[in-house]
Every structure is written in structure tokens, then in C-alpha cells.
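Me: Could you take a close look at one part of this model for me, the cysteines and the open sheet? A connected walk through would be lovely.

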Amino acid sequence: MGSSDQLAARAVRGLVAESSRTILKPRFKPEPHVWDTNRITTAWLGHATVLINFYGVTILTDPVLGKRIGADSLLGTIGPKRFIAPGLTPRELPPIDLVLLSHAHMDHLDPATLRRLPGNPKVITAAGTTDLLQDTGLRDARCLGWGERARVGTKNGEVDVSAFEVKHWGARWKLDRYRGYNGYVIAREGKQIIFGGDTALTDTFKTLKGQGSYDLAIMPIGAYKPWLCSHCSPEQAVRMANDAGAKYFLPIHFKTFPFRREGVVKPMERLEHAIENDRIALRDIGETFRLC
């Protein structure tokens with residue numbers, strides 16, 4: 001009973017401390033309004049959210065831009081609080097043509113953010129997840145299973161999206177284990193980008209290598225401690241990007257939320273020892289990378 005009381009007391013102290021913690025401002029701020037539509041430009045907005053200008057088509061991956069991630073409630077979102085504010089708020093985003101959702105976990109699919117996206121975007125999502133979009137106002141959603149492809153038409157042009165298998169899981173709650181989980185390849189005008197979503201080490205990236213060259217791999221490098229069975233380490237992320245034959249590496253899924261034990265610095269330190277320096281597209285929230 002005494003141990004239980006101590007645990008409860010520690011939990012309460014932790015909640016109080018987190019509620020008073022200041023969310024830091026990002027050191028960098030993207031300027032998508034000046035991006036060249038004849039180039040590929042990307043910016044990391046935090047966690048798994050990347051803004052991509054793909055030759056004029058604006059894509060947003062796993063949009064999570066609120067102060068917290070977790071369950072919706074009448075009091076707002078209940079869950080972990082950000083360390084660093086997003087590189088752009090929903091109000092600062094350009095009109096979005098396409099949203100890519102890798103899976104239903106609350107740090108990747110956030111209805112509160114989806115409701116605030118400008119531009120009435122189309123959505124590509126994993127199997128069994130469209131019910132989670134019912135209250136977001138997003139109506140044009142398509143599910144893809146592994147090996148399936150879609151050509152998405154937008155007012156700014158077409159983009160091809162194909163889903164591939166990763167090593168993760170898709171349940172949002174304890175019992176909804178029917179939900180899918182994807183990595184994606186997005187292609188336009190002869191260029192290809194890999195969005196790894198969330199994954200542990202898997203050999204499935206090797207199957208991508210025979211399907212053309214990849215200019216950029218957007219890969220998770222955090223939450224591996226203590227969850228290496230479902231989240232890859234930085235070294236493993238590099239191995240998978242290399243398996244696919246990707247030229248540049250854009251790291252995500254670290255530094256943003258306090259739900260892993262490796263800290264905010266270690267993932268990047270390990271990445272810098274695992275890959276050539278000139279292949280790392282960016283290192284910090286809000287930074288911008290121009291591919292070509």
C-alpha cells in the first residue's frame with residue numbers, strides 16, 4: 001500500500017511538473033511561401049510531421065501540431081506535452097494538397113490537427129483507419145494496403161503513392177488490432193521519396209531497391225529505448241534506408257515528445273556516427289532541406 005501511494009504521488013508530481021513546463025520555440029522556421037514549385041523542398045515540423053513541396057504539390061506527413069498528443073476530451077487533448085513547438089502551426093501552413101497517414105497511433109494521427117489543416121486536402125491512410133477521420137472534415141480519403149498504389153490528382157498536379165510493409169502495429173486502442181500500418185513511396189516527375197512512418201528493423205526496405213532510385217528517405221530514429229521491438233535505432237534506420245538505396249536521409253520521430261528514455265540528444269548523436277555527414281538532410285525541428 002505504501003509503494004502504491006508513493007507511485008501515485010510521483011505520478012501526480014510528474015503531471016504538475018509537466019503542466020508548468022514551458023514548450024520551447026524551435027530554432028528554425030520554414031518559409032514555404034517562398035519555396036520554388038520547380039524544386040523539391042522539405043521541412044521537419046516535429047515528430048513525424050514533414051512538409052513537402054513536391055514540384056508544386058504540397059504534402060504533409062502524419063500531421064501532429066498541437067501542444068499535446070493523446071485522447072480527445074472535452075478539456076482538450078490529454079497526453080504527453082511537447083518539448084519543442086512545431087516548426088509551423090496549422091494557421092501558418094500553406095494549403096495542403098495531400099496528407100499521408102502511416103497508422104492510427106495518437107502521435108501520428110491527431111484529429112485535432114487534421115481539423116485545422118488548410119486547403120481541404122486529400123488523404124492516403126492505412127487500412128481500417130478512415131473511421132478516425134469522420135470528425136475532421138476530411139472527406140476525400142483512400143486506404144492503401146501493402147503493395148497497393150494510388151494516383152492522387154490535386155489542383156497542383158498528380159502524385160503517385162504506394163504503400164509498403166513496415167514492422168510496427170496499427171491499433172489506436174487495446175482492442176482495435178485490425179487497423180493497418182504503412183510506409184509509403186511518393187513519386188512525381190521521375191523523383192521518389194520514402195516516408196518510413198514508424199517501424200522497427202525489417203528487411204522489407206530491400207524490396208524497394210529494384211523499383212527505381214530514391215532521392216530521400218524520411219526515417220524514424222527515436223523511441224527505440226525501451227521499444228526496439230517496434231521502433232528502430234538510428235543505426236537500423238540507416239541500414240533500411242541503405243537497403244532501399246536512398247541518397248539522402250531525413251531523420252524524424254525524436255526530440256519532440258517525452259515518451260522515450262534515450263533522451264532528446266542521443267538519437268542524433270548516434271545517427272551522425274552511422275551515416276555520412278553530407279547525407280543527413282537536416283538535424284533540427286523547423287529546418288528546411290532543398291533536394292533539387
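Reply:

**Cysteines and the open sheet**

C232 is buried, with a relative accessible area of 1%. Keep in mind that this is a predicted model. C232 takes part in no disulfide, and the nearest cysteine sulfur, which belongs to C229, is 12 Å away. Since a disulfide needs two cysteine sulfur atoms within 2.5 Å, that distance rules out a bond between C232 and C229. A search of the whole structure finds zero disulfides. C143, for its part, counts as partly exposed, at 28% relative accessibility.

Now to the sheet. Six strands make up an open sheet with mixed pairing, in the order 9-10-11-12-13-14. The edges are held by strand 9 (149-154) and strand 14 (246-252); each has a single partner strand, so one side of each is left without a neighbour in the sheet. From one strand to the next, the twist averages 20 degrees.

At one of these edges, strand 9 runs antiparallel to strand 10 (residues 157-164), and six bridges join the two. If you would like a spot to zoom in on, try R151, whose bridge partner in strand 10 is D160.

A helix belongs in this picture as well. Helix 3 (residues 234-244) lies across strand 12 (191-195), strand 13 (214-220) and strand 14. Relative to strand 13, helix 3 runs at about 155 degrees. Strand 14, then, is both an edge of the sheet and one of the strands that helix 3 lies across.

Terms used
Residues are numbered from 1 along each chain as its sequence is written. This is a predicted model: local features need pLDDT of at least 70, side-chain atom pairs count only at pLDDT 80 or more; totals for chains, interfaces and linings use all residues. Side-chain values use heavy atoms; hydrogens and water are left out. Buried means under 20% relative accessible area, exposed over 50%, partly exposed in between (1.4 Å probe, protein chains only). Two strands pair if DSSP finds at least two bridges between them. Helices (H or I, at least four residues) and strands (E, at least two) are DSSP runs, numbered from the N terminus. Axes are lines fitted to C-alpha atoms, for helices over the stretch in contact, and angles run from 0 to 180 degrees between N-to-C directions. Contact means heavy atoms within 4.5 Å.
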